[in-house]
Amino acid sequence: MGLTCTGGDREICMALSGEVDHHHARGLMTEIEREIDRELPKHVTLDLGGVTFMDSSGIAVVLRCYRRTAELGGAVTLNDGPPQAEKVVRAAGLERQMGFA
């Protein structure tokens, strides 16, 4: 599991890679919050393209990113990931809360 952040000017892309499961979710949420608190973004793109597996803990990761960004008045867009990760995200109904690219 990994997190790579790029961008600037209060717009960042957070690219997730590897497995987003219950073993990695807590650490990933901490990293995401740290990055959001450091950058204070108006827009976050959460790129799921490198995710190899996602379980329901991944929903918590996405929601934590969404909620923390929303607290700052920002928005989150999800980049479609592999079919398995996308299926988990869509099953949770997250497309009603944030945009999909």
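Is threonine 77 buried or exposed? With a relative accessibility of 19%, threonine 77 counts as buried, because the cut-off for that label is under 20%. The close-ups below come from a predicted model, and they start with this residue.

**View 1. Threonine 77 and its surroundings in strand β4.** Threonine 77 sits in strand β4. Its side chain makes a polar contact with the side chain of histidine 43, at 2.8 Å. Setting aside neighbours within four places in sequence, threonine 77 also touches Val44, Thr45 and Leu46, along with His43 itself. Gly99, Phe100 and Ala101 are in contact with threonine 77 too.

**View 2. The largest nonpolar core.** Here we have a set of 27 residues. The ones with the most contacts inside this core are Met14, Leu16, Ile32, Leu46, Leu48, Met54 and Cys65. Two or more residues come from each of β2 (11–20), α1 (25–39), β3 (43–54), α2 (56–71), β4 (75–79) and α3 (83–91). As a bit of background, nonpolar side chains in soluble globular proteins tend to be buried together.

**View 3. Leucine 48 up close.** Leaving out residues up to four places away in sequence, leucine 48 touches Leu16, Met54, Leu78 and Val89. The list for leucine 48 also takes in Asn79, Gly81 and Pro82. Leu16 and Met54 turn up again among the core residues with the most contacts, as does Leu48 itself.

**View 4. A salt bridge between helices α1 and α2.** The structure holds six salt bridges, and this view picks out the one between glutamate 33 and arginine 64, with N to O at 3.3 Å. Glutamate 33 belongs to helix α1 and arginine 64 to helix α2, so the pair ties together parts that are 31 residues apart in sequence. Both ends count as partly exposed: glutamate 33 at 25% relative accessibility and arginine 64 at 34%.

**View 5. Glutamate 35 and arginine 38 within helix α1.** The closest N and O atoms of this salt bridge are 2.6 Å apart. Glutamate 35 and arginine 38 are three residues apart in helix α1, so about one helical turn separates them. Their surroundings contrast: glutamate 35 is buried at 15% relative accessibility, while arginine 38 is exposed at 55%.

**View 6. Glutamate 71 and arginine 68 within helix α2.** These two form a salt bridge, with their closest N and O atoms 2.6 Å apart. They are three residues apart in helix α2, so they too are separated by about one helical turn. Glutamate 71 is exposed, with a relative accessible area of 60%. Elsewhere, shared salt-bridge partners link Glu35, Arg38 and Glu39 into one network.

Note on methods:
Residues numbered from 1 in each chain as written. Predicted model: local features only at pLDDT ≥ 70, side-chain atom pairs only at ≥ 80, totals over all residues. Heavy atoms only, no water. Core = buried A, V, L, I, M, F, W, Y, C linked by side-chain atoms within 4.5 Å. Buried < 20%, exposed > 50% of the residue type's maximum accessible area, 1.4 Å probe, protein only. Helix = DSSP H or I, 4+ residues; strand = E, 2+ residues; numbered from the N terminus. Contact = heavy atoms within 4.5 Å. Polar contact = N/O pair within 3.5 Å; in protein donor to acceptor, adjacent residues only side chain to side chain. Salt bridge = Lys/Arg side-chain N within 4 Å of Asp/Glu carboxyl O.
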